[in-house]
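Biologist: I should like to learn how to read the surroundings of a bound ligand. Please show me the model before we begin.

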Amino acid sequence: MSIIDSLRPPPGLRVLVSAGASGIGAAVALAFRETGARVHVCDIDGAALERLAREAPEITASVADASVPGDVDRVFDDVQGALGGLDVLVNNVGIAGPTGAIQELQRGDWERTVAVNLNSQFYFSNRAVPLLKRSAMNPSLIAMSSVAGRLGYAFRTPYAATKWAVVGLMKSLAIELGPHGVRVNAILPGTVEGDRMNSVIGARAATAGVPVEAMRAAYLQKISLRRMVTTEDVAAMALFLCSPAARNVSGQAISVDGNMEYL
Ligand code: NAD
């Protein structure tokens, strides 16, 4: 195989993407579909899944809350039926969590952030690893962390704590699964353009008491390349990590963030 050909994931990969109905997850699911992969997504939002199904009817789907173990079990029943096994898990689900000073945060908001961002990573990995070990297709697990899993993030402590935890889980799993030929990596997206970031910037502007546009300019000032990333930038990294060219890449926390200097 030429080096150029080795940069594409092989066709026919069986891929599961959590929270795949919109945002980064949908971009990843659609990108894998373009490579000829068989893709299953799950998401808590049934209407968003219906929109994805209209765009990509061959992508199968389950409505599921990734933080609920029974829902995750149902996803894996659906994966077994739709794909008959698994070569790639993209553990993408994650919520922004609350914004505020530590003494103002509500316990329920902390617990929900941990449940969605961290517990889900365990539930999905716990069910996926036996399937990945049986794969003969250069199997790989990709955990979605964040630049907030590399830098401290004041007033977003639940989010940052869970995203650092995702990196710790990934690095440990990479050691555990390497001898079985399963690679494990994390992608750390930076500021992704779109609705989610607009609401994050809005919330931080409100917390800091500054205009939204001033907060947006402050965000770009932190990025060496002075631009946000797109969901496709993140999807491209996921494809690379599942290509033969990445067959010796494991245990890495890979930033796609234009070099975010601080948060
Ligand atoms: P998003 O907010 O656009 O949501 C994507 C999907 O997640 C939605 O379809 C939503 O319904 C689903 N979802 C939410 N809670 C769920 C749950 N409990 N169970 C199942 N599905 C659920 O998310 P995004 O911005 O695409 O982020 C995807 C991942 O990337 C997350 O882990 C996030 O932390 C990470 N990330 C995002 C950014 C960014 O700027 N957007 C930056 C760094 C990291």
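Biologist: By class, how many residues of the shell around the ligand are nonpolar, polar and charged?

Modeller: This is a predicted model, in which local features need pLDDT of at least 70 and side-chain atom pairs pLDDT 80 or more, while totals for chains, interfaces and linings use all residues. Numbering starts from 1 along each chain as its sequence is written, and side-chain values use heavy atoms, without hydrogens or water. A shell residue has a heavy atom within 4 Å of the ligand. Ala, Val, Leu, Ile, Met, Phe, Trp, Tyr, Cys and Pro count as nonpolar, Asp, Glu, Lys and Arg as charged, and the others, including Gly, as polar. Here the shell comprises 14 nonpolar, 7 polar and 6 charged residues.

Biologist: Which residues of the shell are closest to the ligand?

Modeller: Of the 27 surrounding residues, S22, I24, D43, Y159 and R196 are the closest. The helices (DSSP runs of H or I, at least four residues, numbered from the N terminus) that each supply at least two shell residues are α1 (23-34), α4 (107-134), α5 (157-177) and α6 (195-208).

Biologist: Which atoms of I24, V93 and Y159 lie close to oxygen atoms of the ligand?

Modeller: A polar contact with the ligand is a pair of N or O atoms within 3.5 Å. For I24, a backbone N or O atom is 2.7 Å from a ligand oxygen; for V93, a backbone N or O atom is 3.4 Å from one. In Y159, a side-chain N or O atom lies 2.7 Å from an oxygen of the ligand. The protein covers 88% of the 830 Å² that the ligand exposes on its own (Shrake-Rupley method, 1.4 Å probe).

Methods:
Polar contact = N/O pair within 3.5 Å; in protein donor to acceptor, adjacent residues only side chain to side chain.
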